[in-house]
Amino acid sequence: MNERHDDLQEIIDAALREMAAEEGDGFDPQACNLAEFCRRTGLTRSRARTVRAHGFRALPHGNSGRRAAPGVLAGHTGLVDDLLRKGVTNSQVIFERLLGQGYAGGLTTVKTYIAAHRDRVPAKRRQAAPQGCRGQRFRTAPGEAYQMDCCSSTGRRA
């Protein structure tokens with residue numbers, strides 16, 4: 001839990017080694033110049049203060065590894081998914097069916113779930129009418145016709 005999987009600790013150690021080499025024997029990491037430490041590591045000043053308070057160890061974020069508690073809809077997602085696959089997207093209809101199954105949550109929770117899982121709704125299939133030929137080619141012999149712009153040489157409409 002006290003490990004990070006990026007190179008931040010290596011960057012911090014390299015910056016402290018460089019600063020110690022420049023300073024000499026009297027180098028105290030706790031009393032080092034924080035602005036110089038920020039320039040060498042690329043950390044913000046507040047993050048550098050936090051790293052210094054932890055003894056120059058890069059610890060993971062405090063919420064890493066935590067999982068969200070299961071929601072009210074957790075036991076009923078199968079029913080909602082089935083209705084979405086059948087093409088039912090009306091949240092009020094789905095909500096009423098969920099209430100019949102013992103759902104204790106609200107309509108807004110159902111609406112947010114439907115919005116997040118729109119990919120389960122099948123695409124509407126429509127029969128397209130045939131459109132026939134879209135254009136007709138006009139052919140002339142060489143030198144019989146020419147193309148002309150509607151604008152004059154100044155670029156304005158005539």
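**Figure 1. The whole protein and its surface.** The accessible surface of the protein comes to about 12,700 Å², and 48% of that surface belongs to carbon and sulfur atoms. The model shown here is a predicted one, and every legend below should be read with that in mind. Of the 158 residues in the protein, 20% are buried. Six helices and zero strands are found in the protein, so that reading along the sequence gives the pattern α-α-α-α-α-α. Measures of overall extent complete this view: the C-alpha trace spans about 95 × 70 × 25 Å along its principal axes, and the radius of gyration is 34 Å, whereas a compact globule of 158 residues would have one near 15 Å.

**Figure 2. Contacts and charges across the protein.** When contacts between residues at least 6 apart in sequence are considered, 47% of them join residues that are at least 24 apart. The protein carries 25 positive and 17 negative charges, and the mean positions of these two groups lie 16 Å apart. A search of the whole structure finds six salt bridges, and some of them are taken up in the next two views.

**Figure 3. Arg-40 and its partners in helix H1.** Which residues of helix H1 does Arg-40 of helix H2 pair with? One partner is Glu-18, and in this salt bridge the closest N and O atoms are 3.0 Å apart. Because Glu-18 lies in helix H1 (residues 8-23) and Arg-40 in helix H2 (residues 34-41), the pair ties together parts that are 22 residues apart in sequence. Another partner is Glu-22, whose side chain meets that of Arg-40 in a salt bridge of 2.7 Å, N to O. Glu-22 also lies in helix H1, so its pairing with Arg-40 in helix H2 ties together parts that are 18 residues apart in sequence. The residues differ in their accessibility class: Arg-40 is partly exposed at 24% relative accessibility and Glu-18 is partly exposed at 43%, while Glu-22 counts as exposed at 60%.

**Figure 4. A salt bridge inside helix H2 and the network around it.** Arg-40 also forms a salt bridge with Glu-36, and here the closest N and O atoms are 2.8 Å apart. Both residues belong to helix H2 and stand four residues apart, which means that about one helical turn separates them. Glu-36 counts as partly exposed, with a relative accessibility of 22%. Salt bridges that share partners join Glu-18, Glu-22, Glu-36, Arg-39 and Arg-40 into one network.

**Figure 5. His-76 in the loop before helix H4.** Is His-76 buried or exposed? The residue lies in the loop between helix H3 (45-53) and helix H4 (77-85), and its relative accessible area of 18% makes it buried, because the cut-off for a buried residue is under 20%. Leaving aside residues up to four places away in sequence, His-76 touches Leu-98, Gln-101, Gly-102 and Tyr-103.

**Figure 6. Gly-105 in the loop between helices H5 and H6.** Gly-105 is found in the loop that runs between helix H5 (91-100) and helix H6 (107-116). With a relative accessible area of 23%, Gly-105 is partly exposed. If residues up to four places away in sequence are not counted, Gly-105 touches Val-72 and Phe-95. Gly-105 and Phe-95 are ten residues apart in sequence, and their C-alpha atoms are 9.1 Å apart in space.

**Figure 7. Val-80 and its surroundings.** Which residues does Val-80 touch, not counting those up to four places away in sequence? Val-80 sits in helix H4 and counts as buried, with a relative accessibility of 0%. Its contacts, under that same restriction, are Leu-73, Ile-94, Leu-98 and Tyr-113. Val-80 can also be compared with Val-110, which is 30 residues away along the chain, and the C-alpha atoms of these two residues are separated by 8.5 Å.

Technical notes: Residues are numbered from 1 along each chain as its sequence is written. This is a predicted model: local features need pLDDT of at least 70, side-chain atom pairs count only at pLDDT 80 or more; totals for chains, interfaces and linings use all residues. Side-chain values use heavy atoms; hydrogens and water are left out. Helices (H or I, at least four residues) and strands (E, at least two) are DSSP runs, numbered from the N terminus. The radius of gyration is taken over C-alpha atoms; the globule rule is 2.2 Å times the number of residues to the power 0.38. Buried means under 20% relative accessible area, exposed over 50%, partly exposed in between (1.4 Å probe, protein chains only). Contact means heavy atoms within 4.5 Å. Accessible areas come from the Shrake-Rupley method with a 1.4 Å probe; for residues, only the protein chains shown count as cover. Lys and Arg count as positive and Asp and Glu as negative; His and the chain ends are not counted. The place of a charge is taken as NZ of Lys, CZ of Arg, CG of Asp or CD of Glu. A salt bridge is a side-chain nitrogen of Lys or Arg within 4 Å of a carboxyl oxygen of Asp or Glu.
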